[in-house]
Amino acid sequence: MRTDTASISVLRDRLHRLWRGATAGILRRRRAEAVDPTELLREKVIAIRPIVRGLCGVVGSYYCLIFVSHFFYEKGIALPVLASLAGVTALICFSLLFVYTKKTESLTRLEITGLCINLLMYSNVVTYQSLHFEPAKLIYFVLLTLVYATSGASLRVVLPSSFLAISTMYILAHSAGFPVLKQHIWVGIAGIFTAFGMAGIMRATIFRSVHARVVAEKHRREAQILAHFDALTGLPNRRSFFVELEKVIEGRRKGGSFDLALIDLDGFKPINDIYGHSVGDALLIEVGHRLRACVGKDGTVARLGGDEFALILKGARSDEALRQFGALVCDNLRETYLLGGGVAANISASVGFVHSDADEMTGSQLLERADYALYYAKQNLRGAPVVFSAKHETEMRDFGLIDQTLRSSNLEREMYIVYQPQVDLATQSTVSFEALARWESEKLGAVRPDIFIRAAERSGLISDITLILLRKSLVAVKSWPSHLRVSFNLSARDLRSTRAIGRICETVLASGIDPTRIEFEVTETAMLTDFDQAVEALARLKSMGCRIALDDFGSGYSSFSYIHRLPADKIKIDRSFVTQLLKHDSAQKIIKTIIDLCGNLSLDHVIEGVETEAELKRLREVGARYIQGYYFAKPMRAEEVAGYLTKEYGTATLREAV
Ligand code: C2E
Ligand code: MG
Ligand code: MG
């Protein structure tokens, strides 16, 4: 019994699902085939118009012929009556053809035209029959019905006309006596059936093909919209952006000018990851609205993909005006987003501008420059606009040269590491060395690390360079006393790639060095590019036993709000605070606050860039413990480390002796 109930409910479930699937399919198809009724009607009129106008032409010509023929066959009163009726019919037909229905898109006009012609044909036949009744010619009424059925604009025209014709035929046949009526009864019925059958089939065929054409046109238009507009924000997509860019470049040749901007959102990915894609989507839509409101009618806003947007601003603007506009855009995008479901999100945006310039730059050259300005904004001034300048042009060219040289050089031979000690003030001894990359290029000479590292990050060569440098550092560490650690800098790119992190882990394991002696330094900006991915990468390094230090703390966002989410062991307080230390009291207070917070969060701290005794004194006052800077030692070659340590231990021994 229970089995029966169970199988019935399974069957019911299955049927229900089948029904839902089927109805969903039908609904989907209906939705796909649903068209705008006005458009459908317009297309129907266009399809019927040639039939109705064709009828005007044919009937007009026919009655011209009849008009002439009446002069041969008619006499007496019949001649003027029939001839004038035929003449008027022909005239009205031609005026309907050449005036009333010409280019018309109105169904009513076509219906009126059809009715007019039907009535005229009808009057000609009825008048003829009333003047000299010929039962044999009653068949003309059936012919009329066929003509009405095949040419009528709508059933509203076909039905009354046909009924009028057939009933007149019956009345006339009846007046001629029962045998004539009997003869015509079935002819009339057959006529009616044929007429309506023909009318129905023809109309259905025409309307079906019209509907299919309208649906196809709708799909074509939708496909076109999809091809040119971003489905989420409704903004022009990448493809339309490039078309528009080519257009304004073409306009520039005729004296027009414009500015180009690339915009990248900062902090979008975490929102997408934390709240889900629907919230992320809502945010992107709102960003689109805000950008459109900022730009107004003066330009184009496009979504290039992901969280990247582009603007084309028509007209000439000064650098200052552009910067002000950029600040407005950044301020607008920074305002809190209320995204439904109680989600309030905050992001910022970096903007890179380039003027269209008199240099006749191509679209891709302009984009390259806007991209550089954006990159510059992201690296140095997050959440702010940067206008591409002559300084950036030189930098970019240098970057190009450095990039090419990096690719064509033997980096294994040309790159080396220098080591800068980090000293523990409590014990006056070195606890660690930061490994700093150096490149003595055979072609370019010595290249500054921040420059070649940035070039390598842009070109994607950084992961290979990181491995070369890490291997070299780990070889050096082998010869150091076992209590000394090495601090190695990672770039944002290293953190973003699972493969790169995997290779770093392999290198650490292959070196045979105790991973607890290795500390990886990452900057705040590197963390913020893709926070979750970076946290995951750091967790992998940490799971091997390596330590993590947050580099240059204070130079960017300096936000403690996310530090507890980081697997960090140490904070490196940026050199910029030390340079301000003797000038502003506030710098000392800030350093103290950071040191105290580190203490509360059980994090180590190290202060970078200490150069003088006076700075060191101030730092001691606020409880600083670990120091790195020229005061203790400049970065030194691997071969010099042993000498430095001997000196330090010697001093220590001396100190102990004293
Ligand atoms: P960083 O990691 O913040 O390194 C500290 C920088 O401060 C080093 O510059 C160091 O020489 C400098 N410095 C240390 N003490 C003092 C001081 O007392 N006064 C002054 N004026 N400067 C001091 P360096 O070697 O030019 O490196 C610059 C940046 O390049 C590094 O900043 C780091 O971000 C990057 N970098 C260096 N080596 C590597 C590397 O192997 N990989 C990666 N990804 N980045 C690296
Ligand atoms: Mg560092
Ligand atoms: Mg640093």
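Throughout this report, a residue is called buried when its relative accessible area is under 20%, exposed when it is over 50%, and partly exposed in between, using a 1.4 Å probe and protein chains only. By that yardstick H211 is partly exposed, with a relative accessible area of 26%.

The structure is a predicted model, in which local features need pLDDT of at least 70 and side-chain atom pairs count only at pLDDT 80 or more, while totals for chains, interfaces and linings use all residues. Residues are numbered from 1 along each chain as its sequence is written, chains are lettered from A and ligands numbered from 1 in the order in which they are written, and side-chain values use heavy atoms, with hydrogens and water left out.

## The chain as a whole

Let's start with the overall picture. The chain holds 24 helices and 17 strands, where helices (H or I, at least four residues) and strands (E, at least two) are DSSP runs numbered from the N terminus. Its radius of gyration is 44 Å, well over the 26 Å that the globule rule gives for 658 residues, so the chain is more spread out than a compact globule. That radius is taken over C-alpha atoms, and the globule rule is 2.2 Å times the number of residues to the power 0.38. Along the principal axes, the C-alpha atoms fill a box of roughly 155 × 85 × 45 Å.

The domain assignment gives domain 1 (37-212), domain 2 (238-388) and domain 3 (409-657); such bounds come from an automatic or database domain assignment. The centres of domain 1 and domain 3, taken over C-alpha atoms, are separated by 97 Å.

Of the 658 residues, 47% count as buried. Contact means heavy atoms within 4.5 Å, and among contacts between residues at least 6 apart in sequence, 70% join residues at least 24 apart. The chain exposes about 33,000 Å², with carbon and sulfur atoms supplying 60% of it; these areas come from the Shrake-Rupley method with a 1.4 Å probe.

As for charge, there are 80 positive and 72 negative side chains, and the centres of the two sets lie 10 Å apart. Here Lys and Arg count as positive and Asp and Glu as negative, without His or the chain ends, and each charge is placed at NZ of Lys, CZ of Arg, CG of Asp or CD of Glu.

## Residues in helices

H211, met above, is found in helix α7 (residues 178-228). In helix α15 (residues 449-459), the buried residues include F452, R454, A455, A456 and E457. G460 follows α15 and has a positive phi, near 90°.

I468 has its place in helix α16 (residues 462-478) and is buried, with a relative accessible area of 11%. Not counting residues up to four places away in sequence, I468 touches L411 and E412.

## Residues in loops and a strand

Two loop residues stand out for their backbone. Most residues other than glycine have a negative phi. K103, in the loop between α3 (78-100) and α4 (107-131), has a positive phi near 60° and is exposed, with a relative accessible area of 73%. S602, in the loop between α22 (585-600) and β15, has a positive phi near 55° and is exposed at 66%.

E608 sits in the loop between β15 (604-607) and α23 (613-621), yet it is buried, with a relative accessible area of 11%. Leaving aside neighbours within four places in sequence, its contacts include D551, D552, K572, R575 and Q628. Another of the contacts of E608 is D574, a residue that S555 also touches, along with E524. S555 lies in the loop between β13 (547-553) and β14 (570-573) and is partly exposed, with a relative accessible area of 47%.

M636 lies in strand β17 (residues 636-637) and is buried, at 7%. Beyond its neighbours within four places in sequence, M636 is in contact with I417, V418, Y419, P421, F433, V641 and Y644.

## Separations across the chain

The table sets sequence separation beside C-alpha to C-alpha distance for four pairs of residues.

| Pair | Apart in sequence | Apart in space, C-alpha to C-alpha |
|---|---|---|
| H211 and G383 | 172 residues | 52 Å |
| I468 and F207 | 261 residues | 73 Å |
| S555 and G234 | 321 residues | 38 Å |
| M636 and Q324 | 312 residues | 45 Å |
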